[in-house]
Amino acid sequence: RGGGGCAGVRWAGGGGVGAGVPDTGRQLIHGACTIDDVDCGRYLHGLDETCIESTDAKGRTPLMMSAIHNCHEIANYLVWQGVDLKKTDESQDTAWHWAAYTNHVGIMLVLCGYGGSDVDAVDAYGQTALHLATGNNAGAAVTHMLTMPQAQAMLAAKDKKGRTPLEFAQERKHEEIVARINAYAPHSESLIPQFFGQSGAA
């Protein structure tokens with residue numbers, strides 16, 4: 001699709017593939033990833049193969065932008081094209097961290113589906129994605145991560161302030177998150193029926 005029909009190009013005010021928004025460092029591909037314009041992303045990628053790994057002023061990649069904005073189509077495209085799933089921003093957060101923080105489980109499934117995501121990676125604050133989800137009251141993301149094989153390791157992880165995800169949720173007074181974690185911890189094998197069957201919790 002030509003540049004004139006590319007919403008990502010219009011978002012960034014036109015210009016070449018490397019053009020961006022002043023003071024943000026974002027390239028046109030970042031714009032396409034905020035509105036799930038996979039056609040635009042494919043077009044830009046065809047002009048410059050390196051653009052899919054570009055970073056803005058905060059170190060955020062196009063994949064991270066798609067995670068933040070819950071843009072599944074372009075996230076799928078980027079992952080299929082082999083972008084680095086472990087790449088971090090200025091706070092050492094990955095796309096996985098961002099998907100969990102913003103409660104975008106669909107993006108989390110995309111990232112896990114292709115493999116390569118380090119789901120228990122820690123950021124500059126020593127926090128896993130589970131820390132970020134519990135701290136931001138992202139219930140769906142928390143529930144999803146509690147079904148993963150790495151759940152017990154993530155629950156035991158402490159950030160640089162010595163807090164586990166449960167303690168972080170307690171500190172933020174996210175009572176539903178605390179209840180979900182407490183329901184899981186003693187009976188990890190029964191998590192899925194608890195959350196999706198017997199208890200009826202979303």
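At what angle do the axes of helix α11 and helix α12 cross, and within what distance do the axes come? In the predicted model, the axes of α11, which spans residues 165-172, and α12, which spans residues 175-184, come within 8 Å and cross at roughly 155°. Because angles over 145 degrees count as roughly antiparallel, α11 is described as roughly antiparallel to α12. The crossing of these two helices, α11 and α12, is left-handed. On the side of α11 the contact is made by P165, L166, A169 and Q170, and on the side of α12 by I177, V178, I181 and N182. When the residues of this contact between α11 and α12 are divided by class, 6 are nonpolar and 2 are polar, with no charged residues.

A second helix pair is formed by α5 and α7, whose axes come within 10 Å and cross at roughly 15°. Since angles under 35 degrees count as roughly parallel, α5 and α7 are roughly parallel to each other. The crossing in which α5 passes α7 is right-handed. The residues that make the contact are H72, A75, N76 and V79 from α5, together with G106, I107, V110 and L111 from α7. By class, the contact of α5 with α7 comprises 5 nonpolar and 3 polar residues, and no charged residues.

The surroundings of α5 were examined further. Within this helix, which covers residues 72-80, the buried residues are I74, A75, Y77, L78 and V79. Of these, A75 and V79 also take part in the contact with α7. The elements that cover the buried residues of α5 include α2 (28-32), α3 (38-47) and α4 (62-68), in addition to α7 (105-113). Just after α5, G82 adopts a positive phi of about 90°.

One residue of helix α4, S66, was considered in its own right. S66 has a relative accessible area of 0% and, because buried means under 20% relative accessible area, is classed as buried. The side chain of S66 reaches the backbone oxygen of L63 at 2.7 Å. When neighbours within four places in sequence are left aside, S66 is in contact with C33, C71, I74, A75, L78 and I107. Among these partners, I74, A75 and L78 are buried residues of α5, whereas I107 is one of the residues through which α7 makes the contact with α5.

Notes
Residues numbered from 1 in each chain as written. Predicted model: local features only at pLDDT ≥ 70, side-chain atom pairs only at ≥ 80, totals over all residues. Heavy atoms only, no water. Buried < 20%, exposed > 50% of the residue type's maximum accessible area, 1.4 Å probe, protein only. Helix = DSSP H or I, 4+ residues; strand = E, 2+ residues; numbered from the N terminus. Contact = heavy atoms within 4.5 Å. Polar contact = N/O pair within 3.5 Å; in protein donor to acceptor, adjacent residues only side chain to side chain. Axes fitted to C-alpha atoms, helices over the stretch in contact; angles between N-to-C directions. Parallel < 35°, antiparallel > 145°, perpendicular 65-115°, else oblique. Left-handed = near helix turned anticlockwise from the far one by under 90°. Nonpolar A, V, L, I, M, F, W, Y, C, P; charged D, E, K, R; others polar.
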